[in-house]
Amino acid sequence: MRKPVKLILSAAAAAIAATAGVTAAGLTAASAAPTARHATTPATSGTEYIQVMSASVTPGPASAIARGVFTAAGQTRLSDARVSTIAFPGGTIVLSHRPAQGSSKFYPASCLSVISQSGSYRIARGTGRYAGISGHGTYQLSLEIVAARTGGRCSLARPPLAQQELLRLSGPVRR
């Protein structure tokens, strides 16, 4: 019987594999598959990071990516409401949030508004795959808007020319 030969991974591939919980020892020429050690034991508590991003000047859903205890891609609507719902495949997570500090700066020469806000959030509930989830944490919101011009002046009556909104949340969760 032939012994499996261990594959030699390049430094970049090894770094990617290590991040995914796979080691060079977990790959063999015979199996060419990673060990399943990490895939069968998902974390039930730890730090979750959620990033929400929108570059649209029209109302609509923003992209959300969660990583940490679970990894999922979903959508939410960014608004000034105190309760937000993030929809992921298989369920939703409802967050209540409270602003703490904020700042805004307007640059009239370029019609640019830069807004920053931090605060805290609490997971109110989850549905489907996220039923029973709990947690809390902090968030940081960054918003930049370039307003349209009318008659050489910045106009709030017209839709902005560009807008970028980035929301980052992090905190402990338990599933």
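Here is a short walk through this predicted model, stop by stop.

**Stop one: the disulfide**

Start by selecting C111 and C154 and showing their side chains. The two form a disulfide, with their sulfur atoms 2.0 Å apart. The count for the model comes to one disulfide, so there is no second one to hunt for within the 2.5 Å sulfur-to-sulfur cut-off. Now colour by element: C111 lies in the loop between β5 and β6 (112–126), while C154 is in strand β9 (residues 153–155), so the pair ties together parts that are 43 residues apart in sequence. Look down the S-S bond next. The torsion there is about -90°, so this disulfide is left-handed.

Turn on a surface and compare the two ends. Which of them is buried, and which is partly exposed? C111 is buried, at a relative accessible area of 1%, whereas C154 counts as partly exposed, at 29%.

**Stop two: the β2–β3 hairpin**

Select residues 62–67 for strand β2 and 72–76 for β3. These strands run antiparallel and are joined by five bridges. To get your bearings across the pair, label S63 and Q75, which stand opposite each other. The two strands form a hairpin with four residues between them. In that turn, click on G68: its phi is positive, at about 135°.

Stay on β3 and show its side chains. In a regular strand, side chains alternate between the two faces of the sheet. Here A72, G74 and T76 point to one face and are buried. A73 and Q75 point to the other face and are not buried.

**Stop three: the largest pocket**

Next, bring up the largest pocket, which holds about 430 Å³ of space. Its lining is made of 24 residues, and those closest to the centre are S79, D80, H97, Q117 and L141, so they are handy ones to show as sticks. For the wider walls, select β4 (83–88), β5, β6, β7 (134–146) and β10 (162–174): each of these elements gives two or more residues to the lining.

**Last stop: H97**

Keep H97 from the pocket selection and zoom in. This residue sits in strand β5 (residues 91–107). What does the H97 side chain reach at 3.2 Å? Its partner at that distance is the backbone oxygen of A81. Expand the selection to the contacts of H97, leaving aside neighbours within four places in sequence, and you pick up A81, R82, V83 and S84, along with S120, Y121 and Y139.

Note on methods
Residues are numbered from 1 along each chain as its sequence is written. This is a predicted model: local features need pLDDT of at least 70, side-chain atom pairs count only at pLDDT 80 or more; totals for chains, interfaces and linings use all residues. Side-chain values use heavy atoms; hydrogens and water are left out. A polar contact is a pair of N or O atoms within 3.5 Å; within protein, one must be able to donate a hydrogen and the other to accept it, and residues adjacent in sequence count only if both atoms are side-chain atoms. Contact means heavy atoms within 4.5 Å. Buried means under 20% relative accessible area, exposed over 50%, partly exposed in between (1.4 Å probe, protein chains only). Two strands pair if DSSP finds at least two bridges between them. On a 1 Å grid over the protein atoms alone, a cavity is a set of points where a 1.4 Å probe fits but cannot get out, and a pocket is an open set with protein on both sides within 12 Å along at least five of seven lines; lining residues have an atom within 4 Å of a point. Grid points are joined across faces, edges and corners, and a volume is the space filled by probe spheres set on the points.
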